[in-house]
2 protein chains.
Amino acid sequence: MIGDRIKKRRLEKNMSISQLANKTGIVKSYLSSLERSLQKNPSIQILEKISHVLEIPLDSLLHDKASDSRSSSGSIDDEWLCLVREATNSGITKEQFQAFIDSKSNEKRKRPVERKDG
Amino acid sequence: MIGDRIKKRRLEKNMSISQLANKTGIVKSYLSSLERSLQKNPSIQILEKISHVLEIPLDSLLHDKASDSRSSSGSIDDEWLCLVREATNSGITKEQFQAFIDSKSNEKRKRPVERKDG
DNA sequence: GTTTTTTAATACGATCGCCTATCATGGGAA
DNA sequence: TTCCCATGATAGGCGATCGTATTAAAAAAC
């Protein structure tokens, strides 16, 4: 959860809750409840302050990254980036890719997975 | 402001406030007040729903692209990353994507270029 | 060993985020 | 012309966010 990631990053930066509170202007009681996931839906202004002081992109705070325990599952790793570069170099457009995604999604919905074709 | 960017992106996607409300599950009155900057500090869950449906990274919603983005022509920009996330969320594998790229490349090679533009 | 400081947690309250309900306007169909 | 629907805006209210104040425990200083 986001609280876990905030705490993890804060410890990586060798920072206490009080120090983070001082630098962000957010009271430490709220930071404590965020880190312990008692609060789970902070506002964007709160999160931007935290990500700025912790020097980490918002996306990395919000979602698991490769550095977390679950790596490369659901996240974009170098292989995907290579494929995207290859696609753009081949002249494939975003619209074409969007259509491809839609078609694959529709395939999965229409037919349960049983087809085994090469 | 963030409301301006939400509206701009919504219009780019040819979507009304009511349609965006239906897809995000956020009431249109709140979306309207966000776009008109009557509300300026939405929660992260609200913003994630909006950015997901509008297919735009959070950072692009939060900040002007010109001032923040490092993307340049030819490289992978935020929209591509968004599409890739959508693809992985749909269960599309790298192998499937690679096959798609190959098929598109072969399509282009099989059909000789008849357009003479320049 | 005692005191001070730092750290994190807890209780409570005020403001605001985001909801429901409704209104005003314009376009299309009957 | 009237009715229906979609669109965007407005009013009011409840529950959540995020603040203040305080407490408890551990570490550092004397």
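By class, the surface near DNA strand C holds 6 nonpolar, 7 polar and 3 charged residues. Near means that a heavy atom of the residue lies within 4 Å of the strand. Nonpolar covers Ala, Val, Leu, Ile, Met, Phe, Trp, Tyr, Cys and Pro; charged covers Asp, Glu, Lys and Arg; the others, Gly among them, are polar.

A word on the basis. This is a predicted model, with local features needing pLDDT of at least 70, side-chain atom pairs counting only at pLDDT 80 or more, and totals for chains, interfaces and linings using all residues. Residues are numbered from 1 along each chain as its sequence is written, chains are lettered from A in the order in which they are written, and side-chain values use heavy atoms, without hydrogens and water.

Stay with strand C. 16 residues surround DNA strand C, and Ile17(A), Ser32(A), Arg36(A), Tyr30(B) and Ser43(B) are the closest. H3(A) gives the most, 3 residues. Helices here are DSSP runs (H or I, at least four residues), numbered from the N terminus. Now the phosphate oxygens of strand C. A polar side-chain atom of Ser43(B) sits 2.5 Å from one. For a polar backbone atom of Ile17(A), the distance is 2.6 Å.

Next, strand D. 17 residues surround DNA strand D. Sugar and phosphate make up 65% of the strand D atoms within 4 Å of the protein. H3(B) contributes the most to this surface, with 3 residues. Arg36(B) places a polar side-chain atom 2.7 Å from a phosphate oxygen of strand D. Lys28(B) goes to a base: a side-chain N or O atom is 3.4 Å from a base oxygen of strand D.

Conventions:
A polar contact is a pair of N or O atoms within 3.5 Å; within protein, one must be able to donate a hydrogen and the other to accept it, and residues adjacent in sequence count only if both atoms are side-chain atoms. Helices (H or I, at least four residues) and strands (E, at least two) are DSSP runs, numbered from the N terminus.
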